[in-house]
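Please open the structure in a viewer and keep the selection panel at hand. The tour below proceeds by selections, each followed by a description of what is found there.

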Amino acid sequence: MTEEVNSSEEMKEIDVTPSPGSILTVMISILVTTFLVYIYRRIIVRQIRRSVWKSAGDDVVLVHCPTPGYLTPNISPFVMKLLTYLRLAQIPYKLEHDEPMGAKGKTPWITLNGEELHDSQLIIEALSKKFDKDFNSGLSEEEKAIARGFAMMIEEHIAWGLRVWRFIVDDGRTLLEGMKQPFFVSLIKPIFVRSQKAALWYQGLGRHSPSEVENMITADLRALSKYLGRKPYLMGDNLTEVDCTMFAFMANILYNYNRSPYYDIIKGEFTNLYDYVLRVKGRLWPDWNQCLEKTKLK
Amino acid sequence: MNTVTVEALRAWSCDGLKWLSKRPGQVISAVAVAVLVTARIRLASVRRERRKRWAKIGKDIVVLHGFPRGRYTPNASPFVMKLETYLRLAKITYVFDDTEPIGPKGQGPWITLNGEEIADSQLIIEALGRKFDKNFTSRLPKEQQAIALAMNLMMTEHITWGLRIWRYVIDKGEQLRKCSRYDLVSELAVYLWFPRIAKKRAWAQGIGRHSEKEVEEMMRQDFAALSDYLGDKPFLMGDNPCEVDCTLFGYISQVLWNYNGSPYGKMVKEDYPNLEAHHSRMKTLLYPDWDALSSLAVKE
């Protein structure tokens with residue numbers, strides 16, 4: 001009897017709480033496993049992807065970018081600029097969406113014959129050289145200078161002004177409206193919007209009031225409209241490189257910014273810009289509708 | 001005082017010091033807070049005094065707030081030069097002040113006019129153009145106005161950044177400090193703070209992600225475009241100077257005088273001599289007092 005009582009008491013006294021040593025072991029195991037998975041994804045998966053990309057084909061440009069948009073083939077005007085150029089230059093390309101952001105933290109970027117290139121402008125310059133395509137050859141030196149001025153105005157000023165509307169005025173809603181995003185994006189959107197607002201402060205345009213920015217961008221659009229005038233394309237009768245930039249951004253306003261004042265301006269006061277978008281779209285994007293994302297995320 | 005009170009005081013202060021010495025962290029924090037609060041109150045009153053002074057300067061006289069004068073150029077900031085050149089072109093009376101270069105939007109230059117503060121050189125030029133009816137670009141044909149705007153933006157939104165990369169990220173502000181007449185506080189601010197913040201800004205803007213060589217090539221293409229567009233003309237848009245010439249002058253002045261060791265001075269002198277000629281033309285026209293403004297010998 002006594003022995004039974006003793007053994008049940010002994011059993012009650014067995015300490016089942018894990019020791020600090022075993023807690024630590026479990027935690028370290030979890031950390032190490034997470035780290036190994038991370039390394040696997042970053043190094044090994046990347047290597048696998050790159051060897052797949054190499055087989056895209058000789059001289060086939062593999063464009064790494066976000067998935068297609070609902071309203072434009074891509075929500076990023078820089079991607080649209082590059083794709084428009086590739087179509088203008090009739091350079092075969094394929095789209096790839098596993099790694100849209102490149103080494104410089106920008107999109108688009110390309111892989112060509114195993115080599116990686118970043119930044120839409122540097123890519124276009126490199127491809128022009130490689131495939132011997134010069135769409136500016138019909139322009140005088142003065143006209144080339146003007147084209148560069150307008151390209152800079154669009155990419156370094158209008159682009160930021162549009163971002164002011166997208167992130168400061170509209171709070172980033174168009175990010176979710178314009179393309180299919182996985183569910184967690186709507187959760188992290190506020191963080192992304194805040195980082196873009198900080199970028200706008202650093203860049204400078206974010207320091208002005210939205211109405212000041214609206215005046216500035218309206219003046220830019222007026223300048224484009226006045227210079228385009230009655231011409232079919234910005235620099236004259238033929239498409240040139242700057243048209244890829246101009247089309248990308250004007251189309252972006254028309255399709256992805258329809259709640260912004262710039263949409264009203266293009267459709268109302270500067271209708272030649274609206275006609276211009278339709279003209280270039282008809283010429284270089286006859287398959288526009290096939291390039292859009294069809295399935296909506298519930 | 002009788003000896004008892006003195007003794008009591010001494011004992012009390014000894015106890016007090018002992019008590020304080022046991023809490024060094026709290027003592028230091030308290031002293032720091034007291035110093036900061038006093039400094040803030042003093043700064044606020046200094047700022048108020050300044051603003052009273054500026055408001056009394058005179059009707060329609062612009063108070064141009066900028067960074068301290070340069071040693072080789074009237075200013076080492078292209079934006080201050082652009083604005084000051086415009087004021088001279090438009091013959092608007094102004095007074096230069098360098099006591100508060102950073103304005104309402106966290107940037108300089110900025111102005112006070114009849115007590116009102118306006119920030120951003122471009123917005124200032126537009127506001128003054130309206131007020132004094134001195135908008136030179138509006139007198140051009142519409143297509144030319146469009147080109148002028150594009151050229152202006154190429155400089156203020158692209159060349160600005162390429163030059164900032166060299167000035168702050170590559171050169172770490174050394175030339176800037178050599179070419180400016182800074183007091184100790186400004187010198188320290190530029191030495192400690194400007195390069196770091198410039199790197200962050202350049203990354204956010206995008207240009208900071210490229211290599212040095214890539215940035216240099218981009219700048220070359222911008223200068224080439226300006227040179228090609230200027231051609232044989234005396235000024236960018238024709239026979240008469242306008243706002244965009246002030247901007248061009250602001251940037252070329254920097255590149256020629258305040259960027260020793262960078263590739264840009266040589267680039268402009270050797271490859272784009274018409275830009276240097278434009279600089280000389282504007283300098284002769286609008287800055288007869290260039291040497292007096294920037295000379296080492298002159299103390300303001």
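**The sheet of chain B**

Select H65(B) and W110(B): H65(B) stands opposite W110(B), a residue of β3(B). The model is a predicted one.

Widen the selection to the two strands concerned, β1 (residues 62–65) and β3 (residues 110–113) of chain B, which pair in the antiparallel sense over four bridges. In general, strands of a sheet pair through backbone hydrogen bonds, in either a parallel or an antiparallel arrangement.

Now display the whole sheet of chain B. It is open and has four strands in the order β2-β1-β3-β4, with mixed pairing. At its edges are β2 (94–97) and β4 (116–119) of chain B, each of which pairs on one side only. Neighbouring strands of this sheet are turned against each other by 25° on average, direction ignored.

Add helix α2 (residues 24–55) of chain B, which packs on the sheet and touches β1, β2, β3 and β4 of chain B. The direction of this helix makes about 60° with that of β3(B).

Next, select G108(B) and P109(B). The peptide bond from G108(B) to P109(B) is cis, with omega near 5°. P109(B) belongs to the loop between β2 and β3 of chain B.

**The sheet of chain A**

Move to chain A and display its sheet. Here four strands form an open sheet in the order β2-β1-β3-β4, and the pairing is mixed. The edge positions are taken by β2 and β4 (115–118) of chain A; each has a single partner strand, so one side of each is left without a neighbour in the sheet. On average, and with direction ignored, neighbouring strands of this sheet are turned by 25° against each other.

Select β1 (residues 61–64) of chain A together with β3(A): the two pair in the antiparallel sense over three bridges. Within this pair, W109(A) in β3(A) is the bridge partner of H64(A). Then add α4(A), which packs on the sheet and touches β1, β3 and β4 of chain A. The direction of α4(A) makes about 30° with that of β3(A).

**Loops of chain A**

Select T107(A) and P108(A), which are joined by a cis peptide bond with omega of about 0°. P108(A) is placed in the loop between β2 and β3 of chain A.

Go on to D132(A), in the loop between α4 (120–131) and α5 (141–169) of chain A. What is the phi of D132(A), which is not a glycine? The value is positive, about 55°.

**Salt bridges**

Over all chains, a search of the whole structure finds 32 salt bridges. Side chains of opposite charge can pair when their charged atoms come close.

For one of these, select D98(A) and R49(A), which form a salt bridge with the closest N and O atoms 3.9 Å apart. Why does this pair link separate parts of chain A? D98(A) lies in the loop between β2 (93–96) and β3 (109–112) of chain A, while R49(A) is in helix α2 (residues 20–54) of chain A, so the pair ties together parts that are 49 residues apart in sequence.

**The interface of chains A and B**

Finally, select the residues at which the chains meet: 34 from chain B and 33 from chain A take part in the contact. Between them the two chains bury about 3,000 Å², of which 63% is on carbon and sulfur atoms. On the side of chain B, highlight K105(B), E157(B) and R209(B), which lose the most area to chain A and together account for 17% of what that side buries.

How many salt bridges cross the interface of chain B and chain A? The rule finds three. To inspect a salt bridge between the chains, select K104(A) and E214(B), whose side chains meet at 2.8 Å, N to O. The chains also share 16 residue pairs in polar contact.

To see which elements of chain B touch chain A, colour α5 (142–170), α8 (194–205) and α9 (212–230) of chain B, each of which supplies at least two residues to that side. α5(B) gives the most, with twelve residues. By residue class, the side of chain B that touches chain A divides into 15 nonpolar, seven polar and twelve charged residues.

Note on methods: Residues numbered from 1 in each chain as written. Chains lettered and ligands numbered in written order. Predicted model: local features only at pLDDT ≥ 70, side-chain atom pairs only at ≥ 80, totals over all residues. Heavy atoms only, no water. Contact = heavy atoms within 4.5 Å. Buried area = accessible area lost by both parts, 1.4 Å probe. Salt bridge = Lys/Arg side-chain N within 4 Å of Asp/Glu carboxyl O. Polar contact = N/O pair within 3.5 Å; in protein donor to acceptor, adjacent residues only side chain to side chain. Nonpolar A, V, L, I, M, F, W, Y, C, P; charged D, E, K, R; others polar. Pairing = 2+ DSSP bridges. Axes fitted to C-alpha atoms, helices over the stretch in contact; angles between N-to-C directions.
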